[in-house]
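Here are my notes on this one, written as numbered points. Have the picture open while you read.

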Amino acid sequence: MEEEKEKYARELEVAVRIVHVACALCEKVQEKLLATTNDLIASKDDDSLVTVADLSVQATVSWLLSETFGVQNVEIVAEEDIQTITKDDSAGLLEAVVNTVNESLASASKYGLQSPETNLGTSEVLKVISRCNSSGGPSGKHWVLDPVDGTLGFVRGDQYAVALALIEDGQVVLGVLGCPNYPVKTEWLNYHYQYHQTTSQSSQTTLNQCGKGCVLYATKGSGKAWLQSLSSGDKMLEWPNCARLIRVSSTDDPALATLCEPVERANSNHSFTAGLAHSVGLRKQPLRVHSMVKYAAIARGDAEIFMKFAKSGYKEKIWDHAAGVVIVEEAGGVVTDAGGRALDFSKGMYLEGLDRGIVACSGVRLHEKLIDAVYASWDSSNL
Ligand SMILES: Nc1ncnc2c1ncn2[C@@H]1O[C@H](COP(=O)(O)OS(=O)(=O)O)[C@@H](OP(=O)(O)O)[C@H]1O
Ligand SMILES: [Mg+2]
């Protein structure tokens with residue numbers, strides 16, 4: 001499968017560099033958000049939140065991908081549109097987005113990418129956000145972006161992720177996950193901003209040296225997934241870099257396995273997953289973590305299982321899974337729907353045909369047990 005890796009080597013390098021830029025942007029915005037109550041957040045029409053970071057990351061990634069590969073060669077399926085920031089009462093948010101995008105793009109050369117010669121104006125920023133309007137599908141190449149996955153975690157000062165993947169002819173061919181609050185050192189999975197604030201000066205220094213966050217990436221078929229720390233300060237991002245290989249956990253004893261799931265009950269049925277967990281013999285308390293950091297935890301070997309059972313009628317979006325799935329699979333894990341079938345990224349922006357929920361595991365034995373348990377308990381689940 002070396003050929004496959006070769007084939008996407010350039011795209012992978014650019015995607016990793018871009019995710020580093022996006023993570024730096026998010027870190028700055030998260031700090032500002034937590035320090036002040038301000039107009040960096042708005043509600044979308046569906047009542048979900050959007051922040052200056054979601055919109056600025058989408059603009060930045062869109063501009064950088066188009067600049068690198070040529071605008072005619074880049075199609076992007078992404079979460080955000082300009083509806084919220086073009087409302088009359090969003091002038092402050094729009095201005096903050098334009099400033100944040102320009103500040104972020106000015107730093108792109110540190111990451112080995114092109115910066116614009118002059119600042120982008122408001123209409124240009126709106127144009128690059130709107131350009132991410134591909135609806136995906138079974139043929140051609142398209143990038144899939146979740147600019148800030150786990151927006152709730154982001155505004156709470158907690159875990160979130162920047163997720164960028166490339167789909168070609170319906171297959172996810174590469175994925176990059178930036179996890180700014182998930183350091184290379186595993187014990188920080190339970191990172192929380194308040195905790196971070198109260199850690200001693202010395203552990204703070206250690207954290208900064210090790211890198212507060214990480215970037216994970218993989219190319220389909222390579223059999224390898226990689227982890228690198230987020231570069232801090234003015235250090236240039238080097239490529240090839242000092243990434244290290246990661247592998248899923250080898251634990252297949254349910255009693256020792258850790259289950260990750262969404263924090264919010266609205267996003268996944270906690271009592272149903274608790275029933276499944278009990279029936280297969282899981283003993284530990286579930287680890288509730290925002291965002292695709294859950295996929296990262298499986299790929300890194302910090303947890304063994306991720307399950308998500310959304311309410312009936314909710315359609316999972318491809319940008320919430322594409323990057324995480326390819327990284328977990330290349331790290332040795334298994335990801336399917338609750339019927340045991342592979343997720344289908346070829347049907348547009350939704351995971352059409354998804355059977356009930358998502359089950360990601362570090363290995364086939366745990367996975368088989370969980371799929372069997374779903375079949376055994378589904379009828380009484382009320383989902
Ligand atoms: N009702 C419902 N059911 C299931 N899933 C939903 C639902 N509403 C939203 N979403 C999507 O879930 C994404 C957030 O997932 P998380 O795992 O971070 O959820 S949680 O905050 O930990 O509960 C979230 O991603 P972001 O919007 O990028 O944060 C959504 O795409
Ligand atoms: Mg998301």
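1. First, a bit of vocabulary: a residue is near a molecule or strand if its C-beta atom, placed from the backbone, lies within 6 Å of it. With that in hand, ligand 1 has 20 residues around it, and G150, P262, V263, E264 and A310 come nearest.

2. Before going on, keep in mind that this is a predicted model, where local features need pLDDT of at least 70 and side-chain atom pairs count only at pLDDT 80 or more, while totals for chains, interfaces and linings use all residues. Residues are numbered from 1 along each chain as its sequence is written, and chains are lettered from A and ligands numbered from 1 in the order in which they are written.

3. Where does ligand 1 lie? Its shell takes residues from both domain 1 (2-246) and domain 2 (254-380), so ligand 1 lies between them. Those domain bounds come from an automatic or database domain assignment.

4. Now for the pieces of the shell. Helices (H or I, at least four residues) and strands (E, at least two) are DSSP runs, numbered from the N terminus. Strand 4 (141-149) and helix 6 (151-155) each give the shell at least two residues, and helix 6 has the largest share, with 3 residues.

5. Sorted by class, the shell around ligand 1 holds 6 nonpolar, 7 polar and 7 charged residues. Here Ala, Val, Leu, Ile, Met, Phe, Trp, Tyr, Cys and Pro count as nonpolar, Asp, Glu, Lys and Arg as charged, and the others, Gly among them, as polar.

6. An unreviewed UniProt entry lists E79, D146, D149 and D320 under "binding site". These four span 242 residues in sequence, yet no two of their C-alpha atoms are more than 9.2 Å apart, so they gather at one spot. UniProt positions are given in the numbering used here, feature names are shortened, and annotations may be inferred rather than shown by experiment.

7. Take D146 from that list: buried or exposed? D146 sits in strand 4 and counts as buried because it has 31 C-beta neighbours inside 10 Å. (Buried means 20 or more other C-beta atoms within 10 Å of the residue's own, exposed 12 or fewer, partly exposed in between, with C-beta atoms placed from the backbone.)

8. D149 also belongs to strand 4, and D149 is buried, with 29 other C-beta atoms within 10 Å. Contact means C-beta atoms, placed from the backbone, within 7 Å. Leaving aside neighbours within four places in sequence, D149 is in contact with residues including Y160, S291 and D320.

Key:
Contact = placed C-beta atoms within 7 Å.
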